[in-house]
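User: I've got a model open and I'd like to talk through its fold with you. Can we go piece by piece?

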Amino acid sequence: MERVAALASERAVVVFTASNCTMGSVVISLLSGLGVNAAVHELDRDPRGQEMEQELARRLAGGGVPAVPAVFVGGNLVGGTNRVMALHIAGELVPLLRSAGALWL
């Protein structure tokens with residue numbers, strides 16, 4: 001969907017979540033703690049949020065994987081909470097954020 005792609009490329013890091021999504025809060029806190037100022041879109045507060053959530057679920061390959069949170073870095077879908085945390089634990093998240101221009105140091 002064009003709207004998801006447009007919003008996902010508006011900043012170096014974009015998070016699609018819901019206002020009551022605990023895992024979204026965890027991902028946003030992690031990114032913030034690393035010094036990232038991510039754009040956050042709460043789909044439950046967007047009139048087209050349900051359409052966007054369906055598109056995100058499709059991109060995340062469904063199969064019981066929650067559509068939110070969905071994290072984009074440099075306009076590319078990284079994944080949800082599990083993927084972001086796995087990258088962080090492996091030491092790959094910070095270099096990815098740096099290459100996208102989300103971190104300066």
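Analyst: Sure, here is a short round of questions and answers on this predicted model.

User: Let's start with the sheet. In what order do the four strands of the open sheet come?

Analyst: Take the pairings one by one. β1 pairs with β2 in the parallel sense over four bridges, and β1 also pairs with β3, this time antiparallel, over four bridges. β3 then pairs with β4 in the antiparallel sense over three bridges. Put together, that is a mixed sheet with the order β2-β1-β3-β4.

User: Which strands are the edge strands?

Analyst: The order is β2-β1-β3-β4. An edge strand pairs on one side only, and that picks out β2 (39-42) and β4 (76-79).

User: And by how much are neighbouring strands of this sheet turned against each other on average?

Analyst: The sheet in question is the open one with four strands and mixed pairing. Ignoring direction, the average turn between neighbouring strands is 25°.

User: Which residue stands opposite Phe 16 in β3?

Analyst: β1 and β3 are paired in the antiparallel sense. The residue of β3 standing opposite Phe 16 is Ala 70.

User: In the hairpin of β3 and β4, which residue takes a positive phi?

Analyst: The two strands are antiparallel partners, and within that pairing Val 71 has Gly 79 of β4 as its bridge partner. Two residues sit between the strands of the hairpin, and the positive phi, near 60°, belongs to Gly 74.

User: Now Val 14. Does it count as buried or exposed, and why?

Analyst: Val 14 is part of strand β1. Leaving aside neighbours within four places in sequence, its contacts include Leu 7, Ala 39, His 41 and Phe 72. Its relative accessibility is 0%, and because buried means under 20%, Val 14 counts as buried.

User: How far apart are the C-alpha atoms of Val 14 and Asn 37?

Analyst: Along the chain these two are 23 residues apart. In space, their C-alpha atoms are separated by 9.0 Å.

User: On to helix α2. What should its twelve residues span, and what is the distance between its end C-alpha atoms?

Analyst: Helix α2 covers residues 22-33, and at 1.5 Å a residue its twelve residues should span 16 Å. The expected span uses one less than the number of residues. The end C-alpha atoms agree with that, being 16 Å apart.

User: Within what arc do the buried residues of α2 fall?

Analyst: The buried residues in α2 are Gly 24, Val 27, Leu 30 and Leu 31. Seen down the axis they line one face of the helix, because they fall within an arc of 125°.

User: Which exposed residues does the face of α2 turned away from its buried side carry?

Analyst: The buried residues of α2 pack against β1, β3, α4 and α5. The face turned away from that buried side carries the exposed Thr 22, Ser 29 and Gly 33.

User: At about what angle does helix α3 run to β3?

Analyst: Helix α3, residues 49-59, lies across β1, β3 and β4. Its angle to β3 is about 75°.

User: Last one: how much of residues 12-40 is helix, and how much is strand?

Analyst: UniProt, in an unreviewed entry, places a "transmembrane region" at residues 12-40. In the model, the end C-alpha atoms of that stretch are 12 Å apart. Its chain comes out as 41% helix and 24% strand.

Definitions and conventions:
Residues are numbered from 1 along each chain as its sequence is written. This is a predicted model: local features need pLDDT of at least 70, side-chain atom pairs count only at pLDDT 80 or more; totals for chains, interfaces and linings use all residues. Side-chain values use heavy atoms; hydrogens and water are left out. Buried means under 20% relative accessible area, exposed over 50%, partly exposed in between (1.4 Å probe, protein chains only). The arc is that of the directions from the helix axis to the C-beta atoms. Contact means heavy atoms within 4.5 Å. Two strands pair if DSSP finds at least two bridges between them. Axes are lines fitted to C-alpha atoms, for helices over the stretch in contact, and angles run from 0 to 180 degrees between N-to-C directions. UniProt positions are given in the numbering used here, feature names are shortened, and annotations may be inferred rather than shown by experiment.
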